[in-house]
Amino acid sequence: MTVNKLILGDNLEILKGMEAESVDLIYLDPPFFSNRNYEVIWGDAGEVRSFQDRWAGGIDHYIAWLKERVAEMHRILKPTGSMFLHCDWHANAYIRVDILDRIFGSGNFKNEIVWFYHRWTNVSKTFQKMHDTIFWYGKTQNAVTFNKNGYAPSSHQLKKFEKGWDQNVVYLKGKKIRQYIIYNREKFEKNCKNIDGEARLVYRETTELKVAPPDVLEYSVINSQADEFIGYPTQKPEDLLYKLIFTASNEGDIVLDPFMGGGTTIAVADRLNRQWIGIDQSAMAVKVTELRLQKQADLFSSPYTVQLHKYDYDTLRYKDAFQFEAWIVRQFGGTPNAKQRGDMGLDGKAADGAPIQVKRQDTIGRNVIDNFVAAVQRFDKTLLEKNIAAKKPIGYIIAFSFGKGAVEEAARLKNKEDRIIKLVTVEEIIPIATKPAIGVHINEMEKDTSGGTSAGNRKIELTAAGQSAAGIEFYSWDFAYDAEKGFKPSIIIDKEGKQIVSLKPGIHTIAVKVVDNNGLENMEIIKLKINGIVEEIK
Ligand SMILES: C[S@@+](CC[C@H](N)C(=O)[O-])C[C@H]1O[C@@H](n2cnc3c(N)ncnc32)[C@H](O)[C@@H]1O
């Protein structure tokens, strides 16, 4: 089973294709039966649909839909595995009784975790609804992983940990020192720099906890001011997933999120050195998650794969040769050769055992056919003769396209010598589409007069325009693009493709990506010199 993979598609079909007992932890955050559509609201262009949560057949329709998916999840969980199902008041009671108790067995119920957050609404006749429910079930009674001291235990301590730090006074060599205790490694490293002599900073794992943490977790909902805000509807806080994944899995374990959305589970699982698989039916979700991973440093999972429905010719054409060969043989239902050299030019075996050669080229010529026949002969003479006698293919050549010479020679071999060579184009195996086109318009605005650090800055309006037969999904910007580091998005989701930036004097390299509704992308890089005026460097 391939791990560290983002997969576009309806999760039911993909789950059915996964091996039984192959995953350690599942976290799912499906639509809640809220009878709403979730949009990415943008400017006056109005709403752009992200995903739907409306159920014509009411609760029974919803429960039936979710149940068949949970049944597959139960099948692919290891006996030591467990699952968190995130829901809320809309359907939690039905989900527990009609789905989880039925499929997992009430004996495997572990917790009904409450995620408590502050979100004030103008209700007047009921209490504010300020919590979600996360059901936790084990696959069996066997030892399910439980790292009790994960991250932030009690709600009181939560507040401290939520703040990410605490302080007290200690005496060092008789000197009174203010001490800051930080519980989040990242925040610790970030703050190390700005600590003055009168205080000291310590990083403390929360391993000292003797008792298991409470089942009420308090974390803020993610609003547009939050560092981790990406703009994906219903995005969950990383600290919440940190807590769940840290507690119920170990380094190297496989974590699956079949409703990955903006990729919070995947981003956190990677940071906790877990392997992961993410599925979503929306191309936007898959690409947003990919961009979120691109933003993260030192990825545990690199290289990871992104499986879309359509592929663009250029990305395939210039993919690493061996990676492409192995990948296309698998897509063809064959088994790629483990050996990459000295393989007699053969790259794998088809489901019927006949050899496969992959040519990452167009208009393959007659000579390729000649060489292939010789290679097949050397590969397995007995099999060759058996296939000739049975009028079965003696082998397959996969390429982007075949020239007249190759087609003629294959036909001659078949008619004159009963040697059937199947010529298969890449497009017959996977749907190929053209990636979107993109252009950027630069509009110099007035000097940035907001003073302070932006004295001398120039304000620039950047407008990206993408074209694709499939329609444009969103744009993403990297305002400090470095080709060596690759695309590191400063803004992950920009639905309009318009940005106003204030640039200091100097050279700036900006990259913008456009993503279309197939999930295919293209990138444009612009280089600007700011020196009183704005000059584009070609
Ligand atoms: C509530 S969101 C998940 C948000 C996510 N936890 C986050 O932090 O960003 C639910 C996601 O489920 C996806 N989804 C809904 N039905 C699906 C299906 N049948 N197969 C795969 N994904 C589906 C939607 O596209 C949406 O992205």
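Author: Before we look at anything, one working definition: two strands count as paired if DSSP finds at least two bridges between them. Keep in mind, too, that this is a predicted model.

Reader: Okay, let's try that on a hairpin. How many residues sit between S28 and S29, and which glycine there has a positive phi?

Author: The general idea first: strands of a sheet pair through backbone hydrogen bonds, either parallel or antiparallel. Here, S28 and strand S29 (residues 533–537) run antiparallel and share five bridges. One residue separates the two strands of this hairpin, and Gly-532 has a positive phi near 80°. To find your place along the pair, start from Lys-527, whose bridge partner in S29 is Ile-537.

Reader: And what does S28 do with strand S27?

Author: Those two make a hairpin as well, this time with four residues between them. Strand S27 (residues 506–516) and strand S28 (residues 521–531) are antiparallel and joined by ten bridges. Val-515 is matched with Glu-521 in S28. In the turn, look for Gly-519, where phi is positive at about 85°.

Reader: Now the big picture. In what order do the strands of the nine-stranded sheet come?

Author: Read a sheet from one side to the other, not along the sequence. This open sheet goes S11-S6-S7-S5-S2-S12-S13-S1-S14, and its pairing is mixed. Strand S11 (216–218) and strand S14 (305–307) each have a single partner strand, so one side of each has no neighbour in the sheet. From one strand to the next, the twist averages 15°.

Reader: Is the pairing of S6 with S11 parallel or antiparallel?

Author: Parallel: strand S6 (residues 109–116) meets S11 over three bridges. One place to spot this is Phe-116, which has Glu-218 in S11 as its bridge partner.

Reader: Which strands do helices H2 and H8 lie across?

Author: Helix H2 (residues 58–76) crosses strand S2 (23–28), strand S5 (77–87) and strand S12 (254–257), at about 150° to S5. Helix H8 (residues 283–295) lies across strand S1 (5–8), strand S13 (275–280) and S14, and runs at about 160° to S1.

Reader: There's another open sheet. Which strands stand at its edges, and why does each have a side without a neighbour?

Author: Start with the order, S16-S17-S18-S19-S20, again with mixed pairing. Strand S16 (335–336) and strand S20 (420–425) are at the edges; each has a single partner strand, so one side is left without a neighbour in the sheet. Inside it, strand S17 (residues 348–349) and strand S18 (residues 355–359) are antiparallel, joined by two bridges. Lys-349 is opposite Pro-355 in S18.

Reader: Last one, the ligand. Which residues come nearest?

Author: With a ligand, ask who surrounds it, then look at the polar atoms. There are 21 residues around this one, and Asp-29, Tyr-232, Gly-262, Thr-264 and Asp-280 come nearest. The shell has seven nonpolar, nine polar and five charged residues. Tyr-232 places a polar side-chain atom 2.6 Å from a ligand oxygen atom, and Asp-280 has a polar side-chain atom 2.7 Å from a ligand oxygen atom. Lys-236 takes part through its backbone, with a polar atom 2.9 Å from an oxygen atom of the ligand.

Reader: How much of the ligand does the protein bury?

Author: Taken alone, the ligand exposes 600 Å², and the protein buries 97% of that.

Definitions and conventions: Residues are numbered from 1 along each chain as its sequence is written. This is a predicted model: local features need pLDDT of at least 70, side-chain atom pairs count only at pLDDT 80 or more; totals for chains, interfaces and linings use all residues. Side-chain values use heavy atoms; hydrogens and water are left out. Axes are lines fitted to C-alpha atoms, for helices over the stretch in contact, and angles run from 0 to 180 degrees between N-to-C directions. Contact means heavy atoms within 4.5 Å. A residue is near a molecule or strand if one of its heavy atoms lies within 4 Å of it. A polar contact is a pair of N or O atoms within 3.5 Å; within protein, one must be able to donate a hydrogen and the other to accept it, and residues adjacent in sequence count only if both atoms are side-chain atoms. Accessible areas come from the Shrake-Rupley method with a 1.4 Å probe; for residues, only the protein chains shown count as cover. Ala, Val, Leu, Ile, Met, Phe, Trp, Tyr, Cys and Pro count as nonpolar, Asp, Glu, Lys and Arg as charged, and the others, Gly among them, as polar.
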